[in-house]
Amino acid sequence: MPSASPAVEIDGLVMAYGDKVAVDGLSLEVARGSITAVLGPNGAGKTTTLETCEGYRVPQRGTVRVLGLDPRRDRADLLPRIGVMLQSGGAWSGVRAVEMLEHMSSLHAHPLDTGMLVDRLGLADCGRTPYRRLSGGQKQRLGLAIALVGRPELVFVDEPTAGMDPQARRTTWEMLEEVRADGVTVVLTTHHMDEAEHLADRIHIIDRGTLIASGTPAELTRGGRSATIRLVVNRPFPDGAPESLRAELGPLTEVRQLDEVSMLIHGPADASTLGRVSRWCETHGVLPQTLTLGQRTLEDVFLELTGRELDTPHDVLLPRPAPPNSAAGTPS
Amino acid sequence: MSTVDSRATGTFAPAPGGSGLRRMVLAQARMEARLLLRNGEQLLLAIVIPVIVLLGGVAAAGRLGSTFEGHAPVDLLTPGVLALAVMSTSFTSVAIATGFERRYGVIKLLGSSPLPRHGLLLGKVLALLVVVALQLVVLVGVALALGWEPSPADPPRTVLGLVLAVGLGTAAFASLGLLVAGALRAEATLALANLVYLLLMVGGGVVLPTSAYGTAGGVIQWLPSGALGEAMRSALVHASIDGRSLLVLATWALVGALLTAKTFRWE
């Protein structure tokens, strides 16, 4: 079954709601058997993209192929082969959790053992609870079980761990890793960089409907123009320490004092920066107890590319009266 | 359930596929029928109100000492109450259930499953017919206990007329219920479906013959409610098949289905 052709191929996808462009000329590929994360802030166009792959929406421009099929034209052939976890909802309010899972299981030819899914996802305690009374995390876990129960080749999971406690989050991550090990392709959307960093073989960062960066977590966080240095000293800094340190390091540096003995320094990632911080400590009579050069994170990458923080949701579906690139402009 | 050498290749090794249209439709029908019957308000609409109408109507007629066109009150009221039961489930319950299925994303999720849309519709129709059959069994039991005697003139024709009326009535009201549910928000559907039910129960020629409405009866007989009521009464009171009313029901079913197909929004 493994094939050289990608599990998902999106080429020049444009989707707009009225004059609001949700997806603006997006092209990306998902390799078979991988976990691919589509990372971006709320309103970046992640869900619209996923829903186009799932056949819910017709591409207004561009093409989408999933397992080599057109999600609209070849819907009947494609649907049995994919699993979908919606961002929210999907069950009757009065249906019991396990009843819902068993119903979805009965629609498939070779379903997974529902008892195994219930145990593994910790749904046994709420198996007879009506859907409307499940917690957010329980609903998410049930949604994941539903996406997997038909033994699909490819699963789309939209914000799989939203509303989950850390324990459930880890369980979900482990299960998705096992799913990949068994040969299933996973496409997930998230706005949590740690989730993408932990799980994904490949990350596509989307902002305002366009792809702004792509690569493995290591590729994306390698190099870069900046780094974060964490400094903790043995006794309180003298007055005016942040300003003095910034003067020492140069205008490209940001210095933030966290408390009286620690600071975060964000600036050019070169070896001499560490040396200069250390020299500054010597001349100001404090002894560094921690002086670490932080790994560049996806958060840094996103910040560099967009000038915004990833977790700060910006206005959903920004209106774009004048698209910068007319080839991928607003469809009529 | 086959396991398809899952041990050899891992628990989650892909083995995709739908379970076949027949199995999927039956599963969907079972699920929807269970949910309909589990819902307290639906049961009120499906059984309790028709029973109250029947008991109340028979008691009131008995106290007034009136007979209708020479028939015992229970004989004339029973077909109307059966029609009311068909209308409540086919129209009101279907509209409300479907409206909330849209709202809760149930239809969306099923839209990503191997169950095709026509399978979903077939499942819904099957569930509806099961619930209607259960209602009729209960209400016929109550009516018989009250001394109801359907026309003995021509039993095969009575049964044929009943089956045609229930079948076409269910189709007409279900297509209208889906039309409302597919176009409006869930709350608006809830309100409208209940309001229409109440209006038709009182003034739609369901329980009482259209002749009881005077000149308005001329209009009411063209409503799906009036047509269903008349078709039921023709079958059970006169052992005759009311071709015109059945045609009216078939037309409503067709128009409702066409409009639904055009306007239904899945999300």
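Helices (H or I, at least four residues) and strands (E, at least two) are DSSP runs, numbered from the N terminus. This is a predicted model, in which local features need pLDDT of at least 70, side-chain atom pairs count only at pLDDT 80 or more, and totals for chains, interfaces and linings use all residues. Residues are numbered from 1 along each chain as its sequence is written, while chains are lettered from A and ligands numbered from 1 in the order in which they are written.

**Exercise 1. Describe the fold of chain B, and set its record annotation beside the model.**

Step 1: start with the elements. Chain B has eleven helices and zero strands, and its pattern along the sequence reads α-α-α-α-α-α-α-α-α-α-α.

Step 2: add the dimensions. The C-alpha trace of chain B spans about 80 × 35 × 30 Å along its principal axes.

Step 3: turn to the record. The unreviewed UniProt entry annotates "transmembrane region" at several stretches of chain B, including 43–61 and 160–184; such annotations, given in the numbering used here with shortened feature names, may be inferred rather than shown by experiment.

Step 4: check two of these stretches in the model. Residues 43–61 of chain B are 100% helix and 0% strand, with end C-alpha atoms 26 Å apart. For residues 160–184 of chain B, the values are 96% helix and 0% strand, and the ends lie 36 Å apart.

**Exercise 2. Work out how chain A is divided and where chain A touches chain B.**

Step 1: count the elements. Chain A contains eleven helices and 13 strands.

Step 2: find the domains. An automatic or database domain assignment gives domain 1 (8–218) and domain 2 (226–295) of chain A. Their centres, taken over C-alpha atoms, are 43 Å apart.

Step 3: look at the interface. With contact meaning C-beta atoms, placed from the backbone, within 7 Å, 35 residues of chain A meet 34 residues of chain B. Helix H3 (97–106) and helix H6 (166–181) of chain A are the elements that give two or more residues to chain A's side.

Step 4: sort that side by residue type. It holds 19 nonpolar, ten polar and six charged residues. Here Ala, Val, Leu, Ile, Met, Phe, Trp, Tyr, Cys and Pro are nonpolar, Asp, Glu, Lys and Arg are charged, and the others, Gly among them, are polar.

**Exercise 3. Trace the sheet S2-S1-S4 of chain A and name its edges.**

Step 1: write down the pairing. Three strands form this open, antiparallel sheet; strands pair if DSSP finds at least two bridges between them.

Step 2: follow one pair. Strand S1 (residues 8–17) of chain A is joined to S4(A) by five bridges, and A:Ile10 has A:Val64 as its bridge partner in S4(A).

Step 3: add the helix. Helix H1 (residues 46–53) of chain A packs on the sheet, touching S1, S2 and S4 of chain A. The direction of H1 makes about 120° with that of S1(A), where axes are lines fitted to C-alpha atoms, for helices over the stretch in contact, and angles run from 0 to 180 degrees between N-to-C directions.

Step 4: name the edges. Strand S2 (20–30) and S4 of chain A each have a single partner strand, so one side of each lacks a neighbour in the sheet.

**Exercise 4. Is A:Leu67 buried or exposed?**

Step 1: locate the residue. A:Leu67 lies in the loop between strand S4 (61–66) and helix H2 (75–78) of chain A, and its phi is near 50°, a positive value in a residue other than glycine.

Step 2: apply the cut-offs. Buried means 20 or more other C-beta atoms within 10 Å of a residue's own, exposed 12 or fewer, and partly exposed in between, with C-beta atoms placed from the backbone. A:Leu67 counts as buried because it has 22 C-beta neighbours inside 10 Å.

Technical notes. Two residues are in contact if their C-beta atoms, placed from the backbone, lie within 7 Å.
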